[in-house]
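Here are some exercises to help you find your way around a new structure. Have a go at each task with the model open, then read through the solution.

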Amino acid sequence: MNVLFIFDDREKSSFFLYNLKKGTNQLIRFSPELPSAKSTLGSLYTQLPIDQFLILFSRTFSLDVRKYLVLTKRNSLKAVAEAGLDNDGKILITVQKEFMALKKRQQFTPGKHRLSLEELDAYISYQIDEDGRIDVFERQEDIIRLMKQKTVRPRLTSITQNYGTVKEFSGNNLSLKDMVKMGTGYLAKGSAHMDKLNVPVAGSYQLSGNFPYAISSVDMEKNKAQLEQMIF
């Protein structure tokens, strides 16, 4: 089963494809700058109804994606505010590498830091870092994972109990059966490593100018070959 998780930040949304096949968990992260239908994924996401976007997404990457779940960045920050902030209005995170956040032009250094919601917004906003890597996916996942640890217990009963809440506060077409299947795969994984892939893959894209970068071209055939090796 393929489920497209969309971290909604309009044109700069991130797209996470969760694949569960024969008990193997896989996660593929797609940049909003990827070319599709003479535009980009991020732009098309803001223009098309979700069902049409899924069809286009599937066609672009030769995948079969029919299930989706959307979480806006605004709601994720709201969730942090409600469940994750300490008394000083900040949250403790671990920065893995030094980078400049384009939003607010803030420099982050490796180590533990206490961030305000405004700083956290900059920390997880999509960008290509100065080293040319798309490590923002890891930063976004860290925050989502942190909130999951604070609010959801890793038990199947919690999935059924929170099904209504998920349906109410996120855009999705997941049935209870879908959620149980995803939850079963997550629990079966335990502490095992999840196979992950960034698209575009390293070495398949060119950047324009100096930092702040934009992706100027992508070798889509190289990316489709990597996807085929991982999914099929």
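**Exercise 1: Two helices meet**

Helix α3 (residues 73-83) packs against helix α4 (residues 117-124) at an angle of about 140°, and their axes are 11 Å apart. This is a predicted model, so treat what you see as a prediction.

Task: work out how α3 and α4 are oriented to each other, and which residues make the contact.

Solution. Start with the angle, which is about 140°. Angles over 145 degrees would count as roughly antiparallel, and 65 to 115 as roughly perpendicular, so the rest of the scale has to be checked too: under 35 is roughly parallel, and what is left is oblique. α3 and α4 are therefore oblique to each other. Next, look at the handedness: α3 passes α4 in a right-handed crossing. Finally, pick out the residues in the contact: Lys73, Leu77, Val80 and Ala81 come from α3, while α4 brings Leu117, Leu120, Asp121 and Ile124.

**Exercise 2: A strand with two faces**

Task: in strand β7 (residues 91-95), find which side chains are buried, then find the strand that pairs with β7.

Solution. Walk along β7 and you'll see the side chains alternate. Ile91, Ile93 and Val95 point to one face and are buried. Leu92 and Thr94 point to the other face and are not buried. Now for the partner: five bridges join β7 to strand β10 (residues 111-115), and the two run antiparallel. To pin down the pairing, take Ile91, whose bridge partner in β10 is Leu115.

**Exercise 3: Following the strands from β1**

Task: trace the pairing from β1 to β6 and on to β11, saying whether each pair runs parallel or antiparallel.

Solution. Begin at β1, which six bridges join to strand β6 (residues 67-72); this pair runs parallel. Here Ile6 stands opposite Val70 of β6. Step across to the next pair: two bridges link β6 to strand β11 (residues 171-172), and these strands run antiparallel. Val70 turns up again, this time opposite Gly171 in β11.

**Exercise 4: Two buried charged-type residues**

Task: are Asp8 and Arg139 buried or exposed, and what do they touch?

Solution. Take Asp8 to begin with; you'll find Asp8 in strand β1. Its relative accessible area is 11%, and the cut-off for buried is under 20%, so Asp8 is buried. Not counting residues up to four places away in sequence, Asp8 touches Ser13, Tyr45, Val70, Leu71, Thr72 and Lys73.

Now turn to Arg139, which sits in helix α5 (residues 136-151). With a relative accessible area of 5%, Arg139 is buried as well. Leaving aside neighbours within four places in sequence, its contacts are Lys97, Phe99, Tyr123, Ile124, Gln127 and Asp129. One more thing to look at: the C-alpha atoms of Arg139 and Thr94 are separated by 9.5 Å, though these residues are 45 apart along the chain.

**Exercise 5: Into the core**

Task: find which residues have the most contacts inside the largest nonpolar core, then look at what surrounds Phe15.

Solution. Keep the background in mind: in soluble globular proteins, nonpolar side chains tend to be buried together. Here the largest nonpolar core has 58 residues. Those with the most contacts inside it are Leu4, Phe15, Phe30, Phe57, Phe61 and Tyr123. Zoom in on Phe15 and skip its neighbours within four places in sequence: its contacts include Leu4, Ile6, Ile28, Phe30, Leu41, Tyr45, Phe53 and Phe57.

**Exercise 6: Backbone oddities**

Task: find where the cis peptide bonds before Pro200 and Pro212 lie, and where Arg10 and Lys104 show a positive phi.

Solution. First, a reminder: most residues other than glycine have a negative phi, and most peptide bonds are trans. The bond from Val199 to Pro200 is cis, with omega near 15°, and Pro200 is in the loop between β12 (195-199) and β13 (205-208). The bond from Phe211 to Pro212 is also cis, with omega near 5°; Pro212 lies in the loop between β13 and β14 (214-218).

For phi, Arg10 has a positive value of about 55° and lies in the loop between β1 (2-8) and β2 (14-21). Lys104 has a positive phi of about 75°, and its loop runs between β8 (99-101) and β9 (106-108).

Definitions and conventions:
Residues numbered from 1 in each chain as written. Predicted model: local features only at pLDDT ≥ 70, side-chain atom pairs only at ≥ 80, totals over all residues. Heavy atoms only, no water. Buried < 20%, exposed > 50% of the residue type's maximum accessible area, 1.4 Å probe, protein only. Helix = DSSP H or I, 4+ residues; strand = E, 2+ residues; numbered from the N terminus. Pairing = 2+ DSSP bridges. Core = buried A, V, L, I, M, F, W, Y, C linked by side-chain atoms within 4.5 Å. Contact = heavy atoms within 4.5 Å. Axes fitted to C-alpha atoms, helices over the stretch in contact; angles between N-to-C directions. Left-handed = near helix turned anticlockwise from the far one by under 90°.
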